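Please find below my note on the structure, set out as numbered points. It is intended to be read with the sequence and the model at hand.

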Amino acid sequence: MMMRIESTNLSNRRIPVCVRTMIAVVLFLSVAVGRVGAWGWEGHIIVARIAEQHLTDKAKAGITQLLGPDLKISDTSVASWPDNIRRDRPETGPWHYVDIPFEANSYDPTRDCQTGQCVVAQIEHFAAVLTDTNATTVSRAEALRFVVHFVGDMHQPLHSTERNHDRGGNLVKITFLSESQAGNLHSVWDSILLRQYLKGEDVMQYADQLNSRITPQQMKDWAGGSVAEWAWESHQQAVAHTYAGVPIQSTPVNLSPQYVAGNREVVETQLMRAGIRLSILLNKAFQ
Ligand code: ADE
Ligand code: ZN
Ligand code: ZN
């Protein structure tokens, strides 16, 4: 879509100036939004929808008290809210990810999360605010939105990894399936792969189907661990799968149909893990 607009000759005299300006603005916004996004809105909704199926009555009541009766955590205005305010509050930008180096042997907060400006520390911080019944309703409601969103973000493997200072794959140019679809590796993992798997299916139905696939053993396995361990696991997914077959080079890398099909399980498992873990954090916060 973008490529088709890009290949339009913008200096064509027959296109009025105002239309050319509009095209330029749309292009700028689509590039800018693409760069700041996390899981696309679909991913965040799926994670929250899975979590909703595992909430205690107390957690459900606590959430309703904070959001009001008309909003759910799986509404995009809740689950994607931190992406929407990111531009107005630039200090929140680094909270969406943690750049654990590709070659690291472990997560090192001194190296990877200086002064707490990363997704691991921010999930811990906002989970504490949410738990604190002495905190104001306004700050707890905001903490809820951040927790819902950031637990999703950190399970996107490129939100927990960087290789060769590539800003979580944002600087890795790719062509996707056909040569005409250009982009970067980060956006592939934020939204493009998932949109391939969804193939226009209803997002809520897709989430419910993922939820129904979660086994009791997986529930047990995923329930344990710290936020830091979840980030390390996400990083390991990036090393084993996301970057596999993606060489370090300046010319665009073509992602094959095998890459797309082969990573379906990785994407879906990360979404399921995030949903279960989000429900656990929320159930604890409203105990
Ligand atoms: N900017 C720098 N590193 C990033 C990452 N891992 N994910 C998203 N944005 C980033
Ligand atoms: Zn985000
Ligand atoms: Zn992202």
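Which polar side-chain atom lies 2.8 Å from a nitrogen atom of ligand 1?

1. The model is a predicted one. In it, the polar side-chain atom in question belongs to Asp99, at 2.8 Å from a nitrogen atom of ligand 1. A backbone N or O atom of Leu158 also lies 2.8 Å from a nitrogen atom of this ligand. Taken alone, ligand 1 exposes 260 Å², and the protein buries 97% of that area.

2. The surroundings of ligand 1 deserve a complete list. The residues around this ligand are Tyr97, Asp99, Leu158, His159, Thr161, Arg167, Gly168, Asn170 and His186. By character, the shell comprises two nonpolar, five polar and two charged residues.

3. The next matter is the metal site. The zinc ion (ligand 2) is coordinated by Asp83 through OD, His96 through ND1, His149 through NE2 and Asp153 through OD, at 2.1 to 2.8 Å. Along the sequence, these donor residues follow the spacing D-x12-H-x52-H-x3-D. A second zinc ion (ligand 3) is 5.9 Å from the zinc ion (ligand 2).

4. The geometry of this site should be described with care. For comparison, ideal angles at a metal are 109.5 degrees for four tetrahedral donors. Around the zinc ion (ligand 2), the four donor atoms subtend angles of 85 to 175°, and the arrangement is therefore irregular. A tetrahedral label would require all angles to lie between 85 and 135 degrees.

5. Two of the zinc donors share a helix. His149 and Asp153 both belong to helix H9, which covers residues 137-154. They stand four residues apart, about one turn of the helix. Are these donors buried or exposed? His149 has a relative accessible area of 0% and is therefore buried. Asp153 is likewise buried, because its relative accessibility is 0%. The cut-off for a buried residue is under 20% relative accessible area.

6. Arg273 is located in helix H15, residues 264-285. Its relative accessibility is 13%, so Arg273 counts as buried. The side chain of Arg273 makes a polar contact of 2.6 Å with the side chain of Gln270.

7. The last point concerns His241, which is found in helix H13 (residues 227-242). With 32% relative accessibility, His241 counts as partly exposed. His241 and Pro157 are 84 residues apart in sequence, and their C-alpha atoms are 9.1 Å apart in space.

Notes: Residues are numbered from 1 along each chain as its sequence is written. Chains are lettered from A and ligands numbered from 1 in the order in which they are written. This is a predicted model: local features need pLDDT of at least 70, side-chain atom pairs count only at pLDDT 80 or more; totals for chains, interfaces and linings use all residues. Side-chain values use heavy atoms; hydrogens and water are left out. A residue is near a molecule or strand if one of its heavy atoms lies within 4 Å of it. A polar contact is a pair of N or O atoms within 3.5 Å; within protein, one must be able to donate a hydrogen and the other to accept it, and residues adjacent in sequence count only if both atoms are side-chain atoms. Accessible areas come from the Shrake-Rupley method with a 1.4 Å probe; for residues, only the protein chains shown count as cover. Ala, Val, Leu, Ile, Met, Phe, Trp, Tyr, Cys and Pro count as nonpolar, Asp, Glu, Lys and Arg as charged, and the others, Gly among them, as polar. Donors are N, O and S atoms within 2.8 Å of the metal (3.2 Å for Na, K and Ca); water is not among the atoms, so sites may look incomplete. Four donors count as tetrahedral if all angles lie between 85 and 135 degrees; four count as square planar and six as octahedral if opposite donors are over 155 degrees apart and all others between 65 and 115; anything else is irregular. Helices (H or I, at least four residues) and strands (E, at least two) are DSSP runs, numbered from the N terminus. Buried means under 20% relative accessible area, exposed over 50%, partly exposed in between (1.4 Å probe, protein chains only).
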